[in-house]
Amino acid sequence: MRIKQPVSIALIYLTCLFSALWQSVSAEVVDWATPIGKQRLIEAELTQDFFNLAPHFEGQQNKVFCGAASMTIVANALRVQADGQQIPLDNSLVKTHETAYFPDGVSPLFHRYTQTSILANTPLTKAQLLGEPKANKLSRDFGLQLSELAHIARSLNLQVAQTFVEPAKLAQQQYHTALKQQLLNALNEQHQHIIINYSRASLSQKGAGHFSPLAAYHKDSDSFLVMDVSNTYQNWVWVSSNILFEAMATTDVNRSRGFIVIQEAV
């Protein structure tokens, strides 16, 4: 059956439009394992966080533990090899009878934070993280909000600077520049690390709100490396600063998302 000319022209137009939109988004979000992604890591000006965080990377244990996984990576990067830090053992990892053959007084566990021990420092229950309505709230809220993750960091005696990305201001170049400079300053500091809270939809990814550490910056593409903790189906990606801030300027329950910068308390 022959398609009438006006219909065929419309189909061609829509195909070209969707293709252009897809290419635009795909150029803004680049898989780090592609040739372009690898080249960016080689050329990137700010990479020390990548090398500090990568040895401590771990994927989230379930679909709502992205905040816990991100904080675990950062806390271990700051403290595992630091002098004078006593990280408590997570005794839930090994049952008592399983340690029977170890020498007396010797634990098979490492002094490292785990996603379980990190969450011991939140007033939220595991059921609330999995969607049970919180106190004085009727709606379900999966996982953590940015302020709740900041609370966990402070309960570990870490210093936290919290920034909410305001959507009403994002069109202002001065505001955009100031936000980017905050991230660049933190990436440039040896003992500061960034966890971002963003919407996956802005990156054309499956899922909703998410947490992950930020690990590097590539100047020529104006892109940041997101060390995605849900590595069961999503690889690490380079994301342009424009798309990244749009992803953070989305609403989570009652206010916008954003990022926290974490370091040892001084």
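The following paragraphs lead through a predicted model, beginning with its sheet and ending with a pocket.

The sheet is open and consists of 7 strands in the order β1-β6-β5-β4-β3-β9-β2, with antiparallel pairing. Its edges are formed by β1 (29-31) and β2 (158-164), each of which pairs on one side only. Direction ignored, neighbouring strands of this sheet are turned against each other by 30° on average. At the edge formed by β2, the partner is strand β9, which covers residues 258-264; the two pair in the antiparallel sense over 7 bridges. One position in this pairing can be located by residue: Gln162 has Ile260 in β9 as its bridge partner.

Strand β5, made of residues 223-226, offers a second point of entry into the sheet. Ser223 and Leu225 point one way from this strand, whereas Phe224 and Val226 point the other way, and all are buried. On one side, β5 pairs with strand β4 (residues 209-218) in the antiparallel sense over 4 bridges. Within that pairing, Tyr217 has Phe224 of β5 as its bridge partner. The two strands β4 and β5 form a hairpin, and 4 residues lie between them. In the turn of this hairpin, Asp222 has a positive phi of about 50°. Strand β5 is also joined to strand β6 (residues 237-240), again by 4 bridges and with the strands running antiparallel. Here Val226 of β5 stands opposite Val237 in β6. Phe224 and Val226, which point the one way from β5, thus appear in the pairings with β4 and β6, respectively.

Helix α9 spans residues 241-248 and is mostly covered, with 6 of its 8 residues buried. The buried positions are Ser241, Ile243, Leu244, Phe245, Ala247 and Met248. A general property of helices is useful when inspecting such a pattern: an α-helix has 3.6 residues a turn, so residues three or four places apart point the same way.

Two loop positions connect parts of the chain that are separated in sequence. Ser202 is placed in the loop between β3 (193-199) and β4. Is Ser202 buried or partly exposed? Its relative accessible area is 24%, and because buried means under 20%, Ser202 counts as partly exposed. The C-alpha atom of Ser202 is separated by 9.8 Å from that of Ala249, although the two residues are 47 residues apart along the chain.

The other loop position is Gln145, found between α6 (126-129) and α7 (146-155). Gln145 has a relative accessible area of 9% and is therefore buried. From C-alpha to C-alpha, Gln145 and Asn197 are 8.2 Å apart in space, while 52 residues apart in sequence. The side chain of Gln145 also has a polar atom that lies 3.4 Å from the backbone oxygen of Asp252.

The last feature is the second largest pocket, whose volume is about 180 Å³. Its lining includes Asn52, His56, Gln190, His191 and His193, together with residues such as Asn76, Ala77, Leu78 and Arg79. Which helix gives the most to the lining of this pocket? Helix α4, comprising residues 66-79, does so with 4 residues. Val80, Gln81 and Ala82 are also among the lining residues. By class, the lining has 7 polar, 4 nonpolar and 1 charged residues.

How values were computed
Residues are numbered from 1 along each chain as its sequence is written. This is a predicted model: local features need pLDDT of at least 70, side-chain atom pairs count only at pLDDT 80 or more; totals for chains, interfaces and linings use all residues. Side-chain values use heavy atoms; hydrogens and water are left out. Buried means under 20% relative accessible area, exposed over 50%, partly exposed in between (1.4 Å probe, protein chains only). On a 1 Å grid over the protein atoms alone, a cavity is a set of points where a 1.4 Å probe fits but cannot get out, and a pocket is an open set with protein on both sides within 12 Å along at least five of seven lines; lining residues have an atom within 4 Å of a point. Grid points are joined across faces, edges and corners, and a volume is the space filled by probe spheres set on the points. Ala, Val, Leu, Ile, Met, Phe, Trp, Tyr, Cys and Pro count as nonpolar, Asp, Glu, Lys and Arg as charged, and the others, Gly among them, as polar. A polar contact is a pair of N or O atoms within 3.5 Å; within protein, one must be able to donate a hydrogen and the other to accept it, and residues adjacent in sequence count only if both atoms are side-chain atoms. Two strands pair if DSSP finds at least two bridges between them. Axes are lines fitted to C-alpha atoms, for helices over the stretch in contact, and angles run from 0 to 180 degrees between N-to-C directions.
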